[in-house]
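Please work through the exercises below with the sequence and the model at hand. Each task is followed by a solution in steps.

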Amino acid sequence: MQGRRMLGTLSAAVVITMGLASCSAGAEDGSADGAETVFRVAFNQDINHPQARALTELSDELETRTDGRYALELYTDETLGDQAATIEQVQSGTIDFAVVAGPLLENFEPDFSTVNLPYLYESPEHQMSVLNDREVVGELYDTLVDDNIQILTAYHGGVRNVYSTDGPVKTPADLAGQKIRVIGSDTNVRMMELMGGVGTPMAQGEVFTAIQSGVLDGAENNELIYSSLSHDEIAPYYSRTEHLMMPDYLVTNPTVWEGISEEDRAVFEELLATSVDTELELFSAAVDEATAAAEEAGAQFGDVDVEVFREAVQPLHEESVTSDTARSVYDAIEAARG
């Protein structure tokens, strides 16, 4: 059954937002009870996901540190729509925040493909250090403001690997002809092409049925998604290609952010920085748990010659890093290695 290990969605909350929606009380589950302003946060995974847990902890601290002026309410499991839809809702002011995958931002600014390149980061810590450093990415992030998108922080989204119904993937030749789900961006489609497969964009909520019915031969994602969405039951061969360490972003509408006092924004920024470290620790532990659960469900994990895949996708680096902004970001990320 799809999502056997997923919890149900959080109960919907009637909320107060920054002049962008109607006013009322806090969440029924009490997680933001009593806060004057409760920001609605769209999230496409379950409440046990490390990012959800880090944001829940942030909300508790935010409410305390602002004397009850602000809190967050997470709407999990795509309750408010898939990630592309929630970006649009943030832009229009329908919702306040959303956690979205990095490649989706390429649709607004092509230079975002630079920070979504395969085999770009040497570790999660390296990734978070550069993607939350305004000296490195500030100019890139600011390109989204005119689209009514403001990045508040980057989170580690796991190390992505290929999984398939058609046996282990050890070389690019093993992916020949296989339709592998990727997040919808030209960079991801091209990446999978260079890796040997056929990149097929699709919303996360549709992937289980597509693999089960044979529309897809597999997908690529981290161990948490693989296990929690029960993809291990229908695509049991999980191959550690380690091809992508893709960031997720907490985004808002600039109007929402500007509506917060300077003092409270400073508190928020401090808590966001702490939440990045919290999420990294939670993610590492969750990967171990998810791997064990997937193996119990019958999944077979296998190592590959990562260097073969790394060499195969190098043309994508050359194709993507073309503008001055992209080159500056790319060079800074490379310089921060080790």
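The exercises that follow concern a predicted model and treat its sheets, one helix and a few single residues.

**Exercise 1.** Determine the strand order of the open sheet formed by 6 strands, and identify its edge strands.

*Solution.*
Step 1. The strands of this sheet follow the order 7-6-8-5-9-11, with mixed pairing.
Step 2. Strand 7 (198-201) and strand 11 (300-303) are the edge strands, since each pairs on one side only.
Step 3. On average, neighbouring strands of the sheet are turned by 35 degrees against each other, direction ignored.

**Exercise 2.** Describe how strand 6 is joined to strand 7, and state which strands helix 5 touches.

*Solution.*
Step 1. Strand 6 (residues 179-182) runs parallel to strand 7, and 4 bridges join the two.
Step 2. At the level of residues, Arg181 has Thr200 in strand 7 as its bridge partner.
Step 3. Helix 5 (residues 186-195) packs on this sheet and touches strand 5 (160-164), strand 6, strand 7, strand 8 (218-221) and strand 9.
Step 4. The direction of helix 5 makes about 120 degrees with that of strand 9.

**Exercise 3.** Locate Asp217 and establish which residues distant in sequence it touches.

*Solution.*
Step 1. Asp217 belongs to the loop between helix 6 (207-213) and strand 8.
Step 2. The relative accessible area of Asp217 is 23%; because buried requires under 20% and exposed over 50%, Asp217 counts as partly exposed.
Step 3. Leaving aside residues up to four places away in sequence, Asp217 touches Tyr163, Ser164, Thr165, Gly177, Gln178, Lys179 and Ile180.
Step 4. Of these contacts, Ile180 is 37 residues from Asp217 in sequence, yet their C-alpha atoms are 5.9 Å apart.
Step 5. For Lys179, the backbone nitrogen lies 2.7 Å from a polar atom of the Asp217 side chain.

**Exercise 4.** Analyse the open sheet of 5 strands and the helix that lies across strand 1, strand 3 and strand 10.

*Solution.*
Step 1. The order of the strands is 2-1-3-10-4, and the pairing is mixed.
Step 2. Strand 2 (70-75) and strand 4 form the edges, each pairing on one side only.
Step 3. From one strand to the next, the twist averages 25 degrees.
Step 4. Within this sheet, strand 1 (residues 37-42) pairs with strand 3 in the parallel sense over 2 bridges, and Val41 stands opposite Phe97 in strand 3.
Step 5. The helix in question is helix 2 (residues 83-92), which runs at about 140 degrees to strand 3.

**Exercise 5.** Find which residues of helix 3 are buried and which elements are included in their cover.

*Solution.*
Step 1. The buried residues in helix 3 are His126, Gln127, Met128, Val130 and Leu131.
Step 2. Their cover includes two strands of the sheet in Exercise 4, namely strand 4 (150-156) and strand 10 (247-252).
Step 3. Helix 4 (134-142), helix 9 (262-296) and helix 12 (324-335) are also included in the cover.

**Exercise 6.** Tyr119 and Glu242 each have a positive phi without being a glycine; state where each residue lies and whether it is buried or partly exposed.

*Solution.*
Step 1. Tyr119, with a phi of about 55 degrees, is found in the loop between strand 3 (97-101) and helix 3 (124-131).
Step 2. Tyr119 is buried, because its relative accessible area is 7%.
Step 3. Glu242, with a phi of about 50 degrees, lies in strand 9 (residues 237-244).
Step 4. Glu242 is partly exposed, because its relative accessible area is 41%.

How values were computed
Residues numbered from 1 in each chain as written. Predicted model: local features only at pLDDT ≥ 70, side-chain atom pairs only at ≥ 80, totals over all residues. Heavy atoms only, no water. Helix = DSSP H or I, 4+ residues; strand = E, 2+ residues; numbered from the N terminus. Buried < 20%, exposed > 50% of the residue type's maximum accessible area, 1.4 Å probe, protein only. Contact = heavy atoms within 4.5 Å. Pairing = 2+ DSSP bridges. Axes fitted to C-alpha atoms, helices over the stretch in contact; angles between N-to-C directions. Polar contact = N/O pair within 3.5 Å; in protein donor to acceptor, adjacent residues only side chain to side chain.
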